[in-house]
Amino acid sequence: MQALLAHLTDIIGQTREQVRTGLADGEILCASDEDLVHALSLAGELQRLTDAVLIEAVGEIDRRSIAADRDLRLTSRFGCHDVVELVQRATLVGPATAARLRRAADDVRVGVSLAQEPMPAPLPAMRAALLEGAVGIDGVLAVGDPLRGLRRRVNHDDLLAADEILAAEARGSGPDGAPPACADLLRIQARAWAAALDQDGAEPREEKALRLRGLTFGTAHDGVVPVSGALLVEVAAQFQRLHDAIVSPRTAGPVFRPEGSEPTVREDDDVRTSAQKRHDTFASVLFTAASSALLPTIGGAAPTLVVSVREEDLLSGTGWAHIDGADEPVSVAAARHSACTGVVQRVLLGANGRVKRIGTEERVFNRHQRRAIALRDGNCLIPGCGVPAGWCEIHHVTEHARGGATHTDNGVLLCWFHHRHLDRSGWRIRMNRGVPEVLPPVWIEADPRWRVATTSPTRLLDSVRRRI
C-alpha cells in the first residue's frame, strides 16, 4: 500500500503540472478534432482508474466502520459521524457521490470471512474490469444495481455467468464482438439478465413497489409547497408521455397572417427549467382533469377550487387572494387565472361578515364554445407553443372580473403556462371583429406588429387557397 500511495502522490503532482501548463490560456482551443477527442478518452480512462482507488478505499473504510462500539469505528477516529461524512471531507464530493461510492463498493470489494480470510467479491469479473480501467463507478453501478437484489434468490453460478459476460461487454470482448459498452448500455443488458435470472418474476417487486408508492405535500413556504414521494413506474411513464405531448418542441405550421404582411418569429424562447416545465405539465393535467366532468362529485358538485378575493383587489391587481385548504395566501394574478378558467360565483359579505347576497354560478365557456374556439385557434395561440387544444384553457381577452363576456369573441386558447404568465411574457392579445391577434414582445421583434395567429388546419388551408 505504501508503494501505491507514493506512486499516486507522484502521479498527482505530475498530472497537476501538466494540466496547468497544457490547458493554460485556453490552449485547448487550438487542438485538432482528433487530439481533442483523444484527450477526452485518456481523461476518461484516468477517471475510471481513479474510481477504482476511490471505490476500494471507501469499501474498506465502510468495513472498518461497522463495529458495534462507536469508539472503535474508523469514522469516529477521524471525527466523522458516518462513512458518507468522512468521504465528503476527504474527497470534497457531495453526499450523493459518496453514497454511490459505498454502493459500488458493496458489489466489487473483497470480503473477509469470520476467520479473517479474503473472500471473493460479489461480482469478481466486474471488479477485475474496474481495476483494469475498463469501467468506472457508473459502469459498476449499471451492472450492480440490477443484479444486487438477486444474490439470495438466484443460482450463484448463473449470477457469476452474467457477471462474466457483462464485464466482457464492458471491455469490448463480448461474444458479439461489439466495442466497449458504455454505462447506459451495460445497464440495459444487466436489467435483461436480471429479468431472465429472477425465478420469482415481477410479483415480489410489484408488491414492494405498491408498498413504497406515495406522494407527500409539505407545508407552504414562499408561495410554493414542497413535494416528495415515489411513483409507480407505469404512473411515471404515463406522466412522461403527457409531459412530452405538452412541452416538447414541435412544428405547428406557419402562422396565419394577412396577405402582404411579414412572417412573425416562430418560436417563443422558453426560459423555464426542466423542473418548472414538469410543474406546469402537472398543473395542466390537474386543471384538465378537474374540468373533464369525469371525476367524482363533492357535495353534489364537481371538485371545485375555492378562491376568495376582495373585488376591489381583483380589479386593482393588488392585495392577496385565499385558496380553500392552502396554507398561504396567493397573488391576485393567481386568483384572476382561476376566475378566468373556472366557475365564478359572487358572494357579497356585509361589514360584520354576514352573507348579504349570493349570485348564481357563471360557467366560463361551455363545451360548445370550447369546440368553436378550438376550431378557430387550433392550439395555444402563442406562436411556436403548439400545446394541443385539449390541454389548453380558455382565456378571457377582456377579463371576466372587468365585465368581459363569456363569448367566443372574447375567448382564446392558451396553455397553462402562457395563461398563467401572460402579463409577464410580453405577449399581448386583442380581438379584432371576433378574430384574435397577437403582438410579440420587443425582444422577439424589434418593431412588433399585431398579427392574426392560428394553427387551425382549416383556416390555414383557406389561407393557402386564397393565394393560389
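**Exercise 1. A salt bridge between distant parts of the chain**

Which residue forms a salt bridge with arginine 109, the closest N and O atoms being 3.8 Å apart? Find this residue, and then describe where both partners sit and how exposed they are.

*Solution.* The model is a predicted one, in which local features need pLDDT of at least 70 and side-chain atom pairs count only at pLDDT 80 or more, while totals for chains, interfaces and linings use all residues. Residues are numbered from 1 along each chain as its sequence is written, and side-chain values use heavy atoms, with hydrogens and water left out.

Step 1. Recall that a salt bridge is a side-chain nitrogen of Lys or Arg within 4 Å of a carboxyl oxygen of Asp or Glu. The partner that fits the distance of 3.8 Å is aspartate 62.

Step 2. Place the two residues in the chain, where helices (H or I, at least four residues) and strands (E, at least two) are DSSP runs, numbered from the N terminus. Aspartate 62 belongs to helix H2, whereas arginine 109 lies in the loop between H5 and strand S1 (111-112), so that the pair, 47 residues apart, links distant parts of the chain.

Step 3. Judge the exposure, for which buried means under 20% relative accessible area, exposed over 50%, and partly exposed in between (1.4 Å probe, protein chains only). Aspartate 62 counts as buried because its relative accessibility is 8%, and arginine 109 counts as partly exposed because its value is 24%.

Step 4. Look for another partner of arginine 109: aspartate 106 also forms a salt bridge with arginine 109, with the closest N and O atoms 3.7 Å apart. Aspartate 106 is partly exposed, at 31% relative accessible area.

**Exercise 2. A salt bridge within one helix**

Describe the salt bridge between arginine 187 and aspartate 184.

*Solution.* Step 1. The closest N and O atoms of arginine 187 and aspartate 184 are 3.0 Å apart.

Step 2. Because they are three residues apart in helix H9 (residues 183-197), arginine 187 and aspartate 184 are separated by about one helical turn. An α-helix has 3.6 residues a turn, so residues three or four places apart point the same way.

Step 3. Arginine 187 is partly exposed at 25% relative accessibility, while aspartate 184 is exposed, with a relative accessible area of 52%.

Step 4. For the wider picture, the structure holds 17 salt bridges, and Arg103, Asp107, Asp145, Arg148 and Arg151 are linked in a network of them.

**Exercise 3. Helix H4 and its surroundings**

Work out which residues of H4 are buried, what covers them, and how the helix begins and ends.

*Solution.* Step 1. The buried residues of H4 are Val83, Val84, Glu85, Leu86 and Val87.

Step 2. Among the elements that cover these buried residues are H2, helix H3 (74-77) and helix H5 (95-108).

Step 3. At the N-terminal end, H4 is capped by aspartate 82, which has a side-chain oxygen 3.4 Å from the backbone nitrogen of valine 84. After H4 comes leucine 92, whose phi is positive, near 65 degrees.

**Exercise 4. The chain as a whole**

Summarise the chain by its elements, its burial and its contacts.

*Solution.* Step 1. The chain has 18 helices and 16 strands.

Step 2. Of its 468 residues, 31% count as buried.

Step 3. Taking contact to mean heavy atoms within 4.5 Å, residues 24 or more positions apart account for 53% of the contacts in the chain with a separation of 6 or more.

Methods
Polar contact = N/O pair within 3.5 Å; in protein donor to acceptor, adjacent residues only side chain to side chain.
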